[in-house]
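Reader: I would like to learn how to read a structure of this kind with due care. Could we take it feature by feature?

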Amino acid sequence: MEPPVQRPKVHTPSLLRRRPWHVLEAPTGEFPAVDAEEAMGPQLPDEATVNFVLDLSLRLGEVQMASGAGASDVTATIIAIAGALGLPHCEVDVIFTSITVTCHRGSELSPITALRVVRSRSLDYTRLTETEKLIRQIVRGNVGAEQAQTELERITSAPHPYPRWTATLAWGGLAAFITILLGGGFDVALVAFVISAAIDRLGRLLNRYSLPFFFQQVVGGLFATLSAMAIVSSGMMTTDRPTLVVAAAVTVLLSGLSTVSAVQDAITGYNVTAAGRTMETALMSAGLIAGVVLALRIAVLLELPLTPLPEITGSTPQQLPLIVLGGAGASACFALASYAKLRATLVAAAAGAIGAAVYGSLMVAQLDGVSSSAVAATLVGFCGGVLARRLGVTPLVVAVSGITPLLPGLSTYRGLYQIGVEPGGNISTLMTAVAIGLALAAGVVLGEWLAQPVRTGLGRLERRFAGPRMAGPLEPTERSLE
């Protein structure tokens with residue numbers, strides 16, 4: 001009987017005994033080779049469908065971007081819409097003037113890239129709110145791609161909900177309530193109303209001739225300051241604080257700047273877009289500064305009476321009701337001037353009242369203006385983040401409208417007066433105004449971030465956090481194309 005054949009032992013390495021660098025080595029014949037003709041990656045719809053979905057996503061993002069939404073919100077919106085409509089693998093790049101989306105179609109097909117330029121920026125909160133509702137319907141699967149395209153066409157082509165003169169009266173009302181907030185009387189509020197309404201109509205006229213916004217800010221600051229000086233010299237005003245008219249007009253001119261969006265983009269890591277928004281805000285502010293300083297110089301040359309600047313005094317408990325009234329009225333007027341509907345206007349008024357009440361209370365407690373503004377803005381952002389969507393209002397509308405009464409119009413004018421009139425002017429007052437503006441914007445973003453856990457606990461809507469969200473959908477869902 002022949003002995004059994006001894007087969008050579010084959011060494012089979014144990015995965016448990018492999019060194020870490022062995023795990024990182026590429027396999028050599030241990031796994032079956034992949035067929036080169038087999039397509040790898042996601043299987044997507046045809047090219048025409050992909051282009052249709054990308055165009056729809058870009059147009060929705062453009063409406064948000066033009067309305068002042070942050071780059072992070074626009075990015076999350078486009079990714080959610082594309083994923084809900086059957087394109088789960090998309091990359092989005094948002095900068096200040098354009099939006100780019102790339103859809104990856106696997107290993108065999110080249111990706112499809114679409115770009116849309118954001119050419120115009122305008123405040124129409126009704127259009128933004130309607131777009132937000134459409135986005136939520138798409139993400140929830142209630143609206144198909146073609147139906148969404150038709151609805152978006154209707155939203156973007158619809159006229160403003162109010163006539164243009166309503167917005168003019170609202171801008172004037174904003175200035176009037178700002179003077180009440182600053183402690184002015186009825187005559188000051190009336191003059192501020194007339195001057196700010198005239199500035200709005202003048203801006204509309206200059207806009208027809210396509211005058212750049214920088215020069216429109218120059219004209220606005222020049223007209224507001226010279227008008228106030230002329231009224232003071234005529235003796236029509238009996239108050240000892242006539243320069244509050246200029247401070248209110250400066251606040252109105254500052255209210256349309258995208259400070260909140262710039263700070264939100266910087267905090268969420270979109271530095272290029274933040275730089276673009278910051279440059280725009282700085283340029284518009286520079287135009288306003290140039291107009292006010294030029295008007296002050298002209299007043300000196302014409303020997304118009306220059307009244308002393310009013311001091312920024314602390315609030316008293318007796319003034320709190322007027323402060324709350326001024327804050328609520330100013331926020332409501334700003335929302336109305338931005339074509340917000342009645343519900344959004346009322347919510348904005350409530351946010352303005354809350355912010356003004358907190359700010360006034362902290363000033364009564366002898367807290368400095370920068371800290372008081374930051375705390376009040378944080379509370380406004382928090383309330384807007386928790387309750388705005390439940391009330392059918394975009395949080396961005398609540399945030400921007402709520403901090404409008406707290407904008408440093410008086411501090412800005414005081415700083416410009418010291419630079420343009422007083423010899424050896426001090427720039428510290430103007431820097432304080434800049435600090436207040438940044439504190440307001442940062443406080444709103446912080447409040448929105450703090451509202452995320454509370455909002456998730458209340459509605460169980462947002463499961464993945466990508467940063468403070470003031471626009472766009474809350475929870476993307478998977479859905480194929482119809």
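Reader: Which residues does Leu 134 touch, not counting residues up to four places away in sequence?

Author: In this predicted model, Leu 134 touches Leu 60, Val 143, Ala 148, Glu 151, Leu 152 and Ile 155, once residues up to four places away in sequence are set aside. Leu 134 also belongs to the largest nonpolar core, which has 106 residues, and is among those with the most contacts inside that core, together with Leu 54, Leu 60, Leu 87, Ile 99, Ile 138 and Leu 174.

Reader: Which helix gives the largest share of this core?

Author: The largest share comes from helix 9, spanning residues 244-255, which supplies 10 residues to the core.

Reader: Which residues make the nonpolar surface patch, and is Leu 438 buried, partly exposed or exposed?

Author: The patch, of about 430 Å², is made by Ile 419, Ile 427, Met 431, Val 434 and Leu 438, and helix 17 (residues 428-459) gives the most to it, with 3 residues. Leu 438, which lies in helix 17, has a relative accessible area of 48%, and because exposed would require over 50%, Leu 438 counts as partly exposed.

Reader: Where does pLDDT stay under 50, and how should such stretches be read?

Author: Where pLDDT is low, the predicted coordinates should not be read in detail. The protein averages a pLDDT of 78, and 79% of the residues score at least 70. Over residues 12-39, however, pLDDT stays under 50, and the model has 5 contacts beyond four places in sequence for them. The pLDDT is also below 50 over residues 458-466, a stretch with 18 contacts in the model beyond near neighbours in sequence.

Conventions
Residues are numbered from 1 along each chain as its sequence is written. This is a predicted model: local features need pLDDT of at least 70, side-chain atom pairs count only at pLDDT 80 or more; totals for chains, interfaces and linings use all residues. Side-chain values use heavy atoms; hydrogens and water are left out. A nonpolar core is a set of buried Ala, Val, Leu, Ile, Met, Phe, Trp, Tyr and Cys residues joined through side-chain atoms within 4.5 Å. Buried means under 20% relative accessible area, exposed over 50%, partly exposed in between (1.4 Å probe, protein chains only). Helices (H or I, at least four residues) and strands (E, at least two) are DSSP runs, numbered from the N terminus. Contact means heavy atoms within 4.5 Å. pLDDT is the predictor's confidence in each residue, from 0 to 100. Patches are made of residues with over 30% relative accessible area and no salt bridge: like charges are joined within 9 Å, nonpolar side chains (Val, Leu, Ile, Met, Phe, Trp, Tyr) within 5 Å. Accessible areas come from the Shrake-Rupley method with a 1.4 Å probe; for residues, only the protein chains shown count as cover. A salt bridge is a side-chain nitrogen of Lys or Arg within 4 Å of a carboxyl oxygen of Asp or Glu.
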